[in-house]
Amino acid sequence: MSSRRVDPLVQSHADLFGHVPPQPALVPAAPKAARRLTFSEGGRQLDVVFERSARARRIVIRVDPMAKTVVVVAPVLEPMATIERYVRSKIAWALAALDGLATSRAEDAIDIEHAGETLTIAYEPSARARRVALRVDPRTGHVKLIVPPRMSKEQALAFARQNAAWIAVRLKRRQEPVPFSDGAMIPLFGVPHRIRHRPDARGTVWIEGGEIHVAGGVEHVSRRVGDWLTKQLRDHLMPLVREKAARVDRSVAHVTLRDTATQWGSCAKSGVLSFSLRLVFAPPEVVDYVVAHEIAHLVHHNHGARFWALAEKLTSGDMMAGKAWLRRHGPSLMRYG
Ligand SMILES: [Zn+2]
């Protein structure tokens with residue numbers, strides 16, 4: 001998700017005064033690889049978006065009311081035959097659910113006109129929200145308007161209308177997903193690399209001739225690439241974290257990597273740093289800035305002038321260029337995997 005905020009890093013810290021949001025298990029989840037599967041039943045066709053997830057414990061099928069699509073999420077190792085059997089048993093249910101959506105429009109959907117286009121936004125009152133926010137999911141293109149308690153619907157809609165141009169830009173910037181599969185081109189620290197599946201080769205994942213080679217069965221390619229990228233990021237981040245922490249004479253308790261969509265990094269007062277797995281796609285100078293930003297938070301738990309001065313000092317390159325890069329290109333890093 002990208003949020004209507006000036007600094008994508010800011011919101012990660014908004015929660016740190018008072019409470020740290022609950023942390024999921026400290027295991028880096030492999031980025032999901034979504035693809036489309038088609039089933040037919042009684043002359044009708046059902047398209048499903050299929051993903052494997054390291055977090056899934058069993059096969060789950062659900063209907064996404066905003067996208068009007070059926071989503072199937074399966075554990076990484078679940079055999080394809082089992083998944084297909086499961087989906088087949090649910091085809092009639094899914095088709096009926098989709099038919100229901102086609103006739104009854106979601107009550108909480110609102111339309112905003114912008115430059116001759118209609119933007120559909122999900123209106124989401126939230127008891128936990130502190131202020132109104134717009135979120136665009138770069139994967140699905142869904143737009144949500146998060147509304148805090150005590151804000152009237154009129155005020156919230158006015159906010160959405162004022163930011164219609166911002167929403168339109170985010171939606172245009174969205175690009176097609178790039179799953180980790182043979183032939184796909186993905187950036188590794190900003191440098192494009194093609195993925196080559198080598199079913200007959202020994203080993204797991206390695207770089208050869210500027211390409212990412214993956215051995216083993218086709219069903220393992222996505223997970224192996226995801227695991228390998230996680231390791232590349234950790235190997236790249238840890239020396240930076242240690243070096244910058246030493247410069248401010250602070251210690252880092254732990255570094256977690258998570259597939260977060262809304263934040264590039266976060267820093268808890270306990271000294272636990274968290275970074276987005278998607279930084280593995282960003283250029284090294286951008287990663288350097290994100291690390292500098294979080295290390296500066298070990299000293300200043302806010303975004304005051306002294307914080308920014310320290311973050312700038314800890315950034316090896318140009319901090320403003322790093323911030324600008326994330327604002328401009330950050331959403332496109334969500335398309336991989
Ligand atoms: Zn920050």
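Serine 126 touches Ile146, Val147, Pro148 and Pro149, leaving aside residues up to four places away in sequence. This contact belongs to a predicted model, and serine 126 itself has its place in the loop between strand 7 (117-125) and strand 8 (133-136). Within that part of the chain, the side chain of serine 126 reaches the backbone nitrogen of alanine 129 at 3.1 Å.

**Helix 8 and its two sides**

Which residues of helix 8 are buried? In helix 8, which covers residues 305-314, the buried residues are Phe307, Trp308, Leu310, Ala311 and Leu314. When the helix is viewed down its axis, these buried residues fall within an arc of 165°, and therefore they line one face of helix 8. The general background is that an α-helix has 3.6 residues a turn, so residues three or four places apart point the same way. The face of helix 8 turned away from the buried side carries the exposed residues Ala305, Arg306 and Lys313. The buried residues, for their part, are covered by elements that include helix 6 (221-247), helix 7 (284-299) and helix 9 (319-329).

**Two open sheets**

One open sheet is built of three strands in the order 14-16-15, and its pairing is mixed. Strand 14 (254-258) and strand 15 (265-267) stand at the edges with a single partner strand each, so one side of each is left without a neighbour in the sheet. From one strand to the next, the twist of this sheet averages 15°. Helix 6 packs on this sheet, where it touches strand 14 and strand 16, and the direction of helix 6 makes about 145° with that of strand 14.

A further open sheet has four strands in the order 10-11-13-12, again with mixed pairing. Here strand 10 (185-188) and strand 12 (205-208) stand at the edges, and because each has a single partner strand, one side of each is left without a neighbour in the sheet. Neighbouring strands of this four-stranded sheet are turned against each other by 40° on average, with direction ignored.

In general, strands of a sheet pair through backbone hydrogen bonds, either parallel or antiparallel. The table sets out one strand pair from each sheet.

| Strand pair | Sense and bridges | A bridged residue pair |
|---|---|---|
| Strand 14 and strand 16 (residues 272-276) | parallel, five bridges | histidine 254 and valine 272 |
| Strand 11 (residues 191-198) and strand 13 (residues 211-215) | parallel, five bridges | arginine 198 and alanine 215 |

Note on methods: Residues are numbered from 1 along each chain as its sequence is written. This is a predicted model: local features need pLDDT of at least 70, side-chain atom pairs count only at pLDDT 80 or more; totals for chains, interfaces and linings use all residues. Side-chain values use heavy atoms; hydrogens and water are left out. A polar contact is a pair of N or O atoms within 3.5 Å; within protein, one must be able to donate a hydrogen and the other to accept it, and residues adjacent in sequence count only if both atoms are side-chain atoms. Contact means heavy atoms within 4.5 Å. Buried means under 20% relative accessible area, exposed over 50%, partly exposed in between (1.4 Å probe, protein chains only). The arc is that of the directions from the helix axis to the C-beta atoms. Two strands pair if DSSP finds at least two bridges between them. Axes are lines fitted to C-alpha atoms, for helices over the stretch in contact, and angles run from 0 to 180 degrees between N-to-C directions.
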